[in-house]
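Hi everyone, thanks for making time today. I'd like to walk you through a structure that may be new to you, so do keep it open while I talk.

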Amino acid sequence: IRARVNLVAGSEGGVLGLVTVIEDITYLKEMDQKKSEFVAMVSHELKAPLAVLDTQAKVILKTVGHTLDDKQQKMLYRMQERIKGAVEMINDLLDLTRIEDQGVVRQKSPLDLGEYATEARELWDASAKERGHKLSLELKEGLPEIMADPGAIREVLMNLVGNAVRYTPDGGEILVSVCLEKGYVCLEVSDNGIGVAPEDQKRIFDRFFRVKSEHTRHIVGTGLGLPIVKAIAEEHQGRISLESRLGKGSTFKVYFPALV
Ligand code: ADP
């Protein structure tokens, strides 16, 4: 059952009354459930043939690769890359469906977000260096813990830090920080990269949305990373926000309720 209460304004600007709408949304829930089951089933079924294709490409390259010309070898390598991309998209879709329907969340326990931010910095350090980025970490002292699923938190950091590294032109500055804001522990990932235009900011958390520009065209992705981060934040009674200016950089903030 879904109940909505609306205020009815009078012509003088005062409140004329209240309208309460009570709806039975069982059918909506059932449709949603069916849709998710379908996505999960199709995704799962697609993984098996892709695994077969991947193995076959590998075997061809290994056994007769040396007899092929450059162009043929490149085709096979590109085929493997495409297969890898498709498998990543399927995994992301499965993740998102699982989070949205079953409300992830494997196992929540008290954890220190700073520790996970430190781990993410270490993980991304080599890739950042390769691109000439400065990747820094800033942690406030004595931060409270949050109640969260460790795997989900790693996924949040993986996506946000990964995006900052990938979408910032070489030689950029990326800062990962954790602080306390009004009862919420806030994870902040900021970069001085390409930024996101105001009209794209509205859609950036939508499934499959990717900014189409000269800067992003060559970067491979699925458009599922940010929807996953948003679903995880909401699953932890938190939220995500973005502040960004085109050409200047972006700051993503994820808020988690602090444990008292
Ligand atoms: P993906 O990176 O796989 O495309 P995401 O959902 O993580 O999917 O991101 C969606 C889009 O948002 C990206 O394609 C990119 O255009 C934009 N984006 C994400 N992070 C940043 C960032 N730090 N700076 C600029 N653009 C970004």
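I'll start with the whole chain and then go through a few places in it.

One thing to say early is that this is a predicted model. The protein chain has 260 residues, and 38% of them are buried. Its secondary structure comes to six helices and nine strands. If you draw a box around the C-alpha atoms along the principal axes, that box is roughly 85 × 50 × 40 Å. And how do the contacts spread along the sequence? Taking contacts in the chain with a separation of 6 or more, 66% are between residues 24 or more positions apart.

Let's go to the start of the chain. Strand β1 covers residues 2-9 and strand β2 covers residues 15-23, and the two pair in the antiparallel sense over eight bridges. To find your place, look for Ala3, whose bridge partner in β2 is Ile22. Five residues sit between the strands of this hairpin, and there you'll find Gly13 with a positive phi near 100°. Is β1 enclosed or in the open? Of its eight residues, the number buried is zero, so β1 lies largely in the open.

Next, helix α1, which spans residues 26-64 and includes Ser36. Ser36 is buried, since its relative accessible area is 10% and the cut-off for buried is under 20%. Which residues does Ser36 touch, once we set aside those up to four places away in sequence? They are Thr97 and Asp101. Arg98 is also worth finding on your screen: it is 62 residues from Ser36 along the chain, yet their C-alpha atoms are separated by 8.2 Å.

Now please move along to α6. Eight of the 11 residues of this helix are buried, so α6 is largely enclosed by the rest of the structure. Among those buried residues are Leu226, Ile228, Val229 and Ile232. Just after the helix, Gln237 takes a positive phi of about 55°.

Right there you also meet Gly238, in the loop between α6 (225-235) and β8 (239-245). Gly238 is buried, with a relative accessible area of 13%. What does Gly238 contact, leaving aside neighbours within four places in sequence? The answer is Ala233, Tyr255 and Pro257. Phe256 belongs in this picture too: it is 18 residues from Gly238 in sequence, but the C-alpha to C-alpha distance is 4.7 Å.

Tyr255 brings me to the aromatic rings. A pair of rings is described by how far apart the centres are and by the angle of the planes. In this model the count comes to two aromatic pairs. One of them is Tyr184 with Tyr255: the ring centres are 6.4 Å apart and the planes are at 90°, so this pair is edge-to-face. Tyr184 is in strand β7 (residues 184-191) and Tyr255 is in strand β9 (residues 249-257), so the pair ties together parts that are 71 residues apart in sequence. Tyr184 is partly exposed, with a relative accessible area of 33%, whereas Tyr255 is buried at 8%.

The other pair is Phe205 with Phe252, with centres 6.4 Å apart and planes at 90°, so it is edge-to-face. Here too, distant parts of the chain are linked: Phe205 is in the loop between α5 (198-201) and α6, Phe252 is in strand β9, and they are 47 residues apart. Both Phe205 and Phe252 are buried.

Before we leave Tyr255, have a look at Arg239. Its charged end sits over the ring of Tyr255, 4.3 Å from the ring centre.

My last stop is the largest pocket, with a volume of about 1100 Å³. It is lined by 40 residues, and the closest to its centre are Asn163, Arg166, Tyr167, Val220 and Gly221. Which element gives the largest share of the lining? That is α4, with nine residues. Several of the elements we've met come back here: α2 (70-102), α4 (150-167), β7, α6 and β9 each supply at least two residues of the lining.

That's my tour, and I'm happy to go back to any of these places with you. Thanks for listening!

Definitions and conventions
Residues numbered from 1 in each chain as written. Predicted model: local features only at pLDDT ≥ 70, side-chain atom pairs only at ≥ 80, totals over all residues. Heavy atoms only, no water. Pairing = 2+ DSSP bridges. Helix = DSSP H or I, 4+ residues; strand = E, 2+ residues; numbered from the N terminus. Buried < 20%, exposed > 50% of the residue type's maximum accessible area, 1.4 Å probe, protein only. Contact = heavy atoms within 4.5 Å. Phe/Tyr/Trp six-rings, centres within 6.5 Å; stacked < 30°, edge-to-face > 60°. Lys NZ or Arg CZ within 6 Å of the ring centre and 35° of its normal. 1 Å grid on protein atoms, 1.4 Å probe; cavity = no way out; pocket = protein on both sides within 12 Å on 5 of 7 lines; lining within 4 Å. Points joined across faces, edges and corners; volume = space filled by probe spheres on them.
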